[in-house]
Amino acid sequence: MDLWDQLVDAICRPPRDVYTDNQLVGGMRATFAFAPHRRVKVKKYYREDVELRNKKDQKLMCSHYRPCVVESQDGKLPCVIYCHTNSGSRRDAEEIVFSLLPYGCTVFALDFSGSGLSEGSWVSLGAHEVDDLEVAVSYLRDQGSTSTIGLWGRSMGAVTALLYSHRDPSVAGVVADSPFSKLVDLMFEIASNKEHGMSIPKPLVKLAMGLMRRSVRKRAGFSIDDVSPCDVMPETFVPTLFGHGKEDTFIGLHHSEKLFLAHGADSKNFVAFEGDHNSPRPDYWYENGLTFLLSTLLLDDEPELSERTTSRKNSIDSQSSQILTPPSPQHHQTNAPWDTRAVHDSSPFVARGRQADETQLDNTDRVQDFVKDDDDADVLQRVLELSLQDQETHRDEDAAEQAAIDAAIQESLVLFQQQQEEAGADKRQDP
């Protein structure tokens with residue numbers, strides 16, 4: 001795989017989480033039991049695994065976590081759909097399963113297309129994931145056992161949740177953990193930020209973005225310009241809780257602040273917590289998220305047990321259920337938007353060590369090595385070589401776009417030459 005392919009894959013083909021059903025909460029039996037604290041009796045729950053199809057006819061692997069005893073008079077319960085990160089999967093829903101289930105709220109998790117065990121080859125950072133989320137929402141509503149629906153997303157999943165909440169104003173509430181405001185802006189920041197070890201000279205960033213825009217569209221079928229939740233926030237009115245790490249250097253805190261200020265809802269809140277993009281979330285973040293959802297989903301703080309039960313209750317006894325101790329949220333850690341590190345070991349409820357493709361784990365380091373030790377002239381030469389190779393590969397490109405890219409190349413060369421001449425003139429003037 002050449003360098004340009006690695007750059008493109010860093011966006012739309014991050015390491016994929018590979019797992020078995022035994023690594024999901026409930027294991028192979030798909031049943032488990034726990035109590036949120038010692039003063040409450042242990043209750044039984046089950047996991048219902050579901051296969052859905054998106055509009056591309058790709059299989060989506062999903063799990064619905066439900067109580068064995070339904071705590072409502074009409075048999076319907078609210079549901080929160082968990083939206084994972086770009087290198088994550090439905091396994092990551094464990095982050096909220098043990099917080100929400102005791103309050104009479106079910107949790108639905110899916111592997112987006114291109115992620116986990118679902119079909120598809122590419123990740124689109126929200127562009128196509130929002131369509132997968134729509135399939136999940138439609139399933140829950142058609143099934144008839146769900147009342148209100150909320151969304152909880154992290155990183156790419158948070159972007160997906162925000163985009164969907166604009167599409168479907170009937171969503172009760174959204175919890176958005178560390179979303180970016182615009183994918184193009186984020187890519188520009190990463191490319192020009194020395195903290196990421198990828199400080200590409202600014203005259204070249206425009207050129208690189210043009211090339212990346214075309215390559216991503218041809219490979220993964222989406223435009224990086226379309227992944228821009230900030231553009232739709234003024235017309236989005238679903239109650240939303242934003243959260244972001246104060247030390248996040250990958251997706252800066254200002255992304256969530258920008259989204260929060262642009263959001264059109266009267267009911268919105270913002271929580272800045274300690275930590276970076278991948279760090280374990282503090283307890284008070286989960287407490288804020290839970291409190292927010294309790295109000296938007298119209299849940300009681302202490303739900304009373306009704307006489308109505310599901311058919312699963314009689315088929316599960318204490319011998320066949322796993323008795324689990326709720327995990328601390330501080331065990332949880334997730335991946336950056338296209339960080340190519342192996343995915344976290346999240347808690348005692350999932351097996352250690354995810355099976356991400358080892359050939360892809362060092363993409364970021366190799367990209368950083370590409371620029372960190374070179375001077376501007378070397379970087380310019382390499383980027384131009386990549387651009388020529390890419391143009392040769394895609395001769396059938398639209399003429400207007402090709403002309404724009406050619407113009408960007410020329411502009412970058414002129415700017416770079418001017419900078420070199422000015423630097424030389426400064427040196428000659430020094431005594």
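Here are a few notes on this structure, which is a predicted model.

1. Let's start with the nonpolar packing. The largest nonpolar core has 60 residues. If you want a place to look inside that core, try I81, F108 and L151, the residues with the most contacts there.

2. F108 is worth clicking on. Leaving aside residues up to four places away in sequence, F108 touches a run of neighbours made up of C79, V80, I81 and Y82. The other residues F108 touches are L52, C62, S63, H64, A136, Y139 and L140. Note that I81 turns up here as well as among the residues with the most contacts in the core.

3. There is also a second core, separate from the one above, with 32 residues. Its members include F98, L100, C105 and A172.

4. Next, have a look at E95 in helix α2, which covers residues 94–100. Is E95 buried or exposed? Its relative accessible area is 5%, and the cut-off for buried is under 20%, so E95 counts as buried. The side chain of E95 has a polar contact of 2.6 Å with the side chain of Y82, and Y82 is one of the residues that F108 touches.

5. Finally, the empty space. How many cavities of 30 Å³ or more does the structure hold? Just one, and the volume of the largest cavity is about 50 Å³. Its lining is formed by N54, K55, K56, Q58, S113, H128, D131 and D132. Sorted by type, that lining has four polar residues, four charged ones and no nonpolar ones.

Technical notes: Residues numbered from 1 in each chain as written. Predicted model: local features only at pLDDT ≥ 70, side-chain atom pairs only at ≥ 80, totals over all residues. Heavy atoms only, no water. Helix = DSSP H or I, 4+ residues; strand = E, 2+ residues; numbered from the N terminus. Buried < 20%, exposed > 50% of the residue type's maximum accessible area, 1.4 Å probe, protein only. Polar contact = N/O pair within 3.5 Å; in protein donor to acceptor, adjacent residues only side chain to side chain. 1 Å grid on protein atoms, 1.4 Å probe; cavity = no way out; pocket = protein on both sides within 12 Å on 5 of 7 lines; lining within 4 Å. Points joined across faces, edges and corners; volume = space filled by probe spheres on them. Nonpolar A, V, L, I, M, F, W, Y, C, P; charged D, E, K, R; others polar. Core = buried A, V, L, I, M, F, W, Y, C linked by side-chain atoms within 4.5 Å. Contact = heavy atoms within 4.5 Å.
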